[in-house]
Amino acid sequence: MKKAEFEGDGPERLVTLGRVSGLHGVQGWLKVYSDTRPRENILNYSPWYLRQGQDWEAVSLEHGRRQGKLVLAKLQGCRDRETARELLGADIAVRRSQLQDNLAEDEFYWTDLEGLQVLTLEGAELGRVSHLMETGANDVLVVRGERERLLPWIWEQVIREVDLEAGRILVDWDPEF
């Protein structure tokens, strides 16, 4: 594994996509919890950057597959269960530049939305996107300003425009709510 020498802003920043959640078998296979949709999309990226503690290390993905509800991965240099055990709990990230940019008009990577200013159609500032949550029915923007607001990610009804270059999201939302 090679230590990653970057983390921060821009296309080389690291974006966390999941974590090592368990072991599978005796030949070094890992169970992976993936935040990608569908969950096996995490296998489309290599190298992965693994973090345990403060340091990120680059590692190549040798093989991967979906098995039922599980995502399984075999990493270069991980040949047995004991080596794999050392990776338990590690965060899995990729460079932002590894993610595709040909998304539909209403599709965005959560990491690109975090930190954006949120304004109502009338120009009232609600705050900035802290993070997003999955609720089952729809995703939710957590917006922090003078107070915290939870805004449902409902395209065209609540979310009217996302302008990544300007760093803002326009919403149809009552600032008193």
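Buried residues are those with under 20% relative accessible area, exposed residues have over 50%, and partly exposed residues fall in between, as computed with a 1.4 Å probe and protein chains only. By this definition Glu156 is exposed, because its relative accessible area is 58%. The model discussed here is predicted: local features need pLDDT of at least 70, side-chain atom pairs count only at pLDDT 80 or more, and totals for chains, interfaces and linings use all residues. Residues are numbered from 1 along each chain as its sequence is written, and side-chain values use heavy atoms, with hydrogens and water left out.

The overall picture comes first. The protein has two helices and 14 strands, where helices (H or I, at least four residues) and strands (E, at least two) are DSSP runs numbered from the N terminus. Along the principal axes, its C-alpha atoms fill a box of roughly 60 × 35 × 30 Å. Of its 177 residues, 37% count as buried. The exposed surface amounts to about 10,300 Å², of which carbon and sulfur atoms supply 44%; accessible areas come from the Shrake-Rupley method with a 1.4 Å probe, and for residues only the protein chains shown count as cover. A contact means heavy atoms within 4.5 Å. Among contacts with a separation of 6 or more, 54% are between residues 24 or more positions apart.

Ala93 illustrates the buried class. This residue is found in strand S8, residues 91-95, and counts as buried because its relative accessible area is 0%. Apart from neighbours within four places in sequence, Ala93 is in contact with Leu14, Val15, Thr16, Leu17, Pro47, Trp48, Tyr49 and Trp56. Ala58 lies 35 residues from Ala93 along the chain, and their C-alpha atoms are separated by 9.3 Å.

Pro47, one of the contacts of Ala93, belongs to the loop between S3 and S4. A cis peptide bond joins Ser46 to Pro47, with omega about 10°. Pro38 is placed in the loop between S3 and strand S4 (48-52), and the peptide bond leading to Pro38 from Arg37 is also cis, with omega near -10°.

Arg37 leads to the largest pocket, where Arg37 is among the residues nearest the centre, together with Asp35, Phe108, Tyr109 and Trp110. A pocket is defined on a 1 Å grid over the protein atoms alone, as an open set of points where a 1.4 Å probe fits, with protein on both sides within 12 Å along at least five of seven lines; lining residues have an atom within 4 Å of a point. The largest pocket has a volume of about 840 Å³, a volume being the space filled by probe spheres set on the points, which are joined across faces, edges and corners. Its lining comprises 24 residues: eleven nonpolar, six polar and seven charged. Here Ala, Val, Leu, Ile, Met, Phe, Trp, Tyr, Cys and Pro count as nonpolar, Asp, Glu, Lys and Arg as charged, and the others, Gly among them, as polar. Strand S2 (14-24), helix H2 and strand S10 (125-134) each supply at least two residues of this lining.

Helix H2, residues 110-113, also holds Asp112. Asp112 counts as buried because its relative accessibility is 14%. Beyond residues up to four places away in sequence, Asp112 touches Arg13, Arg96 and Leu164. With Arg96 there is a polar contact between the two side chains at 2.8 Å; such a contact is a pair of N or O atoms within 3.5 Å, where within protein one must be able to donate a hydrogen and the other to accept it, and residues adjacent in sequence count only if both atoms are side-chain atoms.

The remaining examples lie in loops. Gly25 is placed between S2 and strand S3 (29-34) and is partly exposed, because its relative accessible area is 39%. Gly25 and Arg81 are 56 residues apart in sequence, with a C-alpha to C-alpha distance of 7.0 Å. Lys69 is in the loop between strand S6 (61-67) and strand S7 (70-75), and counts as exposed because its relative accessibility is 70%. Lys69 and Gly127 are 58 residues apart in sequence and 37 Å apart in space, C-alpha to C-alpha. Glu156 is located in the loop between strand S12 (148-152) and strand S13 (159-163), and has a positive phi of about 75° although this residue is not a glycine.
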